[in-house]
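Here are my notes on the model you asked me to look through. Keep the viewer open while you read, and jump to each spot as it comes up.

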Amino acid sequence: MYGYEWTERNGIYRLSLDSKIEKEIRPVFKEELDYFGFNGHWTYPNTKAPLLWAEGIRRYIVNGECVAEAVGGGFYTKPTIKIKKENLALAPIDIEDLWKENERIMLGLEKTAIDAIRKYYDKYSAMGMEFAVAFSGGKDSLVLLDLVSRALSPDKFSVVFSNTGMELSTTYESVEKAKKYWSSLKFYEAKSHLNPEDSWEEFGPPGRRMRWCCAVHKSVPTILLFRELTGNYDVKVVVFEGVRAEESAARAKRDEISVGAKNINQINCSPILKWSTAELFIYLMHYDILFNDAYRKGLFRVGCIVCPMSSSWWDGITNDLYPEEIKPLLNKVEKYAKATKSESEIVSFIEQGGWKARMGGRGLPNGGNRVIETINEDKISFGFTSHTQNWLDVSTILGPVVSFDEGVYSQIIANQEFHFSVTGENNNVVTYWPYSKMDRFVLSHLRGIANKVAYCFGCKACEVQCPVNAFTITDKGSIYVRENKCVHCYNCIEFTNGKGCLAAKSLSTTGGENGMDLKGMNRYQHFGLRRPWLEHFFAMKENCFTAGQLGTRQYDSLKVWVKEAGLLSASGKGTKAGVPTPLFEKLEHLGAGNPLVWAIIWTNLAYNSIISKWYMLNVPSGDTYEKNELVFQLGDDYSKSTRDNAVTALLETFRHSPIGSVLKQGIPIASGSSYKFSKQGWNTPDAVAILYAIYMWAEATDRYDFTLSQLETARGNADAKGVDPVAIFGINPEKFKDILQDIALQYPDYIRTTFVADLDNVKLFPQFKSIDILDLIQR
């Protein structure tokens, strides 16, 4: 990816690896200038050529100088323009001059992309795979399609337009133009069997981390289309897509080839992954490839007309220019806002993108937890407040039902025999036993089946995960499993990372409605626990609170934090601070800069800090979060100021202590004048810290002999007495077994593990307490 630098010629930039400018850039046309009223300030000709450029979408640039800037925007507000230089006389940009300035680099980029396309075709065609270009009608897919058409003959690939039913009218026009422009190519349309308005009603509006729409309206219809075209259920498809690293931090982490990332039968190839928009627009304009008209009006990307990933720029322009097209889905957003916000908050909630933070079913007519799980006398039961599928139809995914006698079924799951019954009014209670024989995989899969039974309405997202044509959705939306074909691979359960059903993932509740009592979450005067403050406390102990180095409210906050961290006794009332605890004595010599100290503190906060525990149990690792998203997830049981202050204190802790960047519980990422926080999880945890945390769990639950399955069962349960290390530190559950085995080898006197065959037993020794574990620290 090249940066660019401005030359002295009108609108001409030079691509360069050494350039200091690496911003997204777009051409600005007469249509956009007229739309925003620039003709009242500047003069310019009636031309189809670009007249200037915009950097970062909103900053209008003439030869490196910012001459105007757009501000604001939202569904109900058109962006406004601030003119910085009056009376400009604009001239058309000479596209051929721009090409000549960058011809050598552009030809090199083209050759690299075309060579890559041919290389991947040769590799995967030898494996019998099909090939497609994902076409959206936007600039990226236009460049990609042209490159693929130059690299491969028309009979080697198909072009698939994923018609989500949510596109701008200009996009449909662009698709028709493309069919004429590349008349020798085979164009197909992939479209979900669900109408967008119906799917939004069932799932609720999509969110930034709840993009069910991409699966239901894009990737799933594409796979189903290729199965239909080839007559091959197990068809493998290489999809050339116009994804670019410049578009987002998440896409910047992608590889050019991604196997099974979206679907087990799909390989995604991104030949222009490293291209910038500066390169992209040179290509489009030099080769005079058709433009989606939306770009001429100021839009920078084209996609679904209401999208949780869209910018306020997009929202403001689309609703102003295409109000009738946007109305049906915007109505769904407004309906959701009315169910979750007060009348005075609705407009700002929508305008500022608060709805895009949705992660669960709160505020949705069909949202909420439909499955009630109970464990009693070696049995696990699933009670359904409502359900859409029949347990007996779905449960054969787990294994064959081998017998039925007097109301009791016998089923083979993972080579073990279990029994179950289906009872209650409308068959709304399912009970399995013996619970003691269930490992964490059996439990996870049972929960996945329960969610399918409770929530599935036939979106077909899981149908395409089946490799053997055993799982299908009938025309009536019912799950049908061909038992003679099912190999019990569990792909149809595991693809949602734990929920078992895409609808369940979207509709079940989290945050303030997960049963966790959030009373007392705001005790910190909005201040976080900062490393310099801990150094101050380590140096002066309880005397620090009268030293006058911090403000009164800061000391009040510090006092709460160190008490909840287990470093200061809770006996101090009012102005009395309490005294340092035995835990303090164990950690003091390590210093406030030692990550292990902060790991012990974070573990204690799991038991004593409401907002910290909530974050551990409800905010998944592997993603980036903004403050307002976390505030929203806390629900509406408490005032916005209470939630805001609690989240602020937590995020300040991440910014100013090793918990954020070293333990990777919330790595701060500067974003304009604020921060985003990336929760990656502690991928190299200290053995003593894990052992300390697991002894804390044992003390809280009074269980020193347990299985990993029992740990997992309690994980995420707000009512559970203990919080396990996986939840505390955001560790990948799949790696936790290996971590425990390594610790058992290091400290066999403190922990024993038996991980063979179907056993996953962990044994601790009750003569030791969690604080004793700290004696293992090397001084």
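What follows is a set of numbered points, going from the whole chain down to single residues.

1. First, a reminder: this is a predicted model. The values below are all computed from it, so treat them as a description of the model.

2. Start with the whole chain. It contains 29 helices and 27 strands. If you lay the C-alpha trace along its principal axes, it spans about 85 × 75 × 50 Å. Is that what a compact globule would give? A good check is the radius of gyration: for 779 residues a compact globule would come out near 28 Å, and the chain has 29 Å, so the two agree. As for burial, 55% of the 779 residues count as buried.

3. Now the aromatic rings. A pair of rings is described by how far apart the centres are and by the angle of the planes. How many aromatic pairs does the structure hold? The count is 43. One of them joins Y4 and Y13, with 5.4 Å from centre to centre and 50 degrees between the planes, which makes it tilted. Both partners, Y4 and Y13, are buried.

4. Another pair to look up is F281 with F291. The ring centres are 6.2 Å apart and the planes meet at 50 degrees, so this pair is tilted. F281 belongs to helix α8 (residues 277-286), while F291 sits in the loop between α8 and α9 (293-296). The two are ten residues apart. F281 is buried, and F291 is buried too.

5. Rings can also join up into a cluster. Try selecting F382, F384, W391, F404, Y409, F420 and Y432 together: ring pairs link them into one.

6. Some rings have a charge over them. Which ring does the charged end of K78 sit over? That would be Y35, with the charged end 3.9 Å from the ring centre. You can find another case at F418, where K437 lies over the face of the ring, 5.6 Å from its centre.

7. Next, have a look at the second largest pocket. Its volume is about 340 Å³. There are 15 lining residues, and the closest to the pocket centre are F349, Q352, G354, N628 and K640. Three elements give two or more residues to the lining: α12 (346-351), α22 (627-633) and α23 (640-656). Which of them supplies the largest share? It is α22, with five residues. Sorted by class, the lining has seven charged, four polar and four nonpolar residues.

8. Some backbone details deserve a click. Most residues other than glycine have a negative phi, and most peptide bonds are trans. With that in mind, look at W433 and P434: a cis peptide bond joins them, with omega at about 0 degrees. You will find P434 in the loop between β19 (429-433) and α14 (440-455).

9. Next come two positive phi values. N469 is not a glycine, yet its phi is positive, at about 60 degrees. Its place is in the loop between α14 and β20 (471-473). Is N469 buried or partly exposed? Its relative accessibility is 21%, so N469 counts as partly exposed; the cut-off for buried is under 20%. H526 is the other one, a residue other than glycine with a positive phi near 65 degrees. H526 lies in the loop between α16 (502-507) and α17 (531-540). With 28% relative accessibility, H526 also counts as partly exposed.

10. Stay in that loop between α16 and α17 for a moment, where T509 is found as well. T509 has a relative accessible area of 11%, so it is buried. Which distance separates the C-alpha atoms of T509 and G361? They are separated by 5.0 Å, and along the chain the two residues are 148 residues apart.

11. Last, a pair that is far apart in sequence and sits well apart in space. I12 and E535 are 523 residues apart in sequence, and their C-alpha atoms are 55 Å apart. The place of I12 is in the loop between β1 (3-6) and β2 (13-16). I12 is buried, with a relative accessible area of 0%.

Note on methods: Residues are numbered from 1 along each chain as its sequence is written. This is a predicted model: local features need pLDDT of at least 70, side-chain atom pairs count only at pLDDT 80 or more; totals for chains, interfaces and linings use all residues. Side-chain values use heavy atoms; hydrogens and water are left out. Rings of Phe, Tyr and Trp (its six-membered ring) pair if their centres lie within 6.5 Å; planes under 30 degrees apart count as stacked, over 60 as edge-to-face and the rest as tilted. Buried means under 20% relative accessible area, exposed over 50%, partly exposed in between (1.4 Å probe, protein chains only). Helices (H or I, at least four residues) and strands (E, at least two) are DSSP runs, numbered from the N terminus. A charge sits over a ring if NZ of Lys or CZ of Arg is within 6 Å of the ring centre and within 35 degrees of the ring normal. On a 1 Å grid over the protein atoms alone, a cavity is a set of points where a 1.4 Å probe fits but cannot get out, and a pocket is an open set with protein on both sides within 12 Å along at least five of seven lines; lining residues have an atom within 4 Å of a point. Grid points are joined across faces, edges and corners, and a volume is the space filled by probe spheres set on the points. Ala, Val, Leu, Ile, Met, Phe, Trp, Tyr, Cys and Pro count as nonpolar, Asp, Glu, Lys and Arg as charged, and the others, Gly among them, as polar. The radius of gyration is taken over C-alpha atoms; the globule rule is 2.2 Å times the number of residues to the power 0.38.
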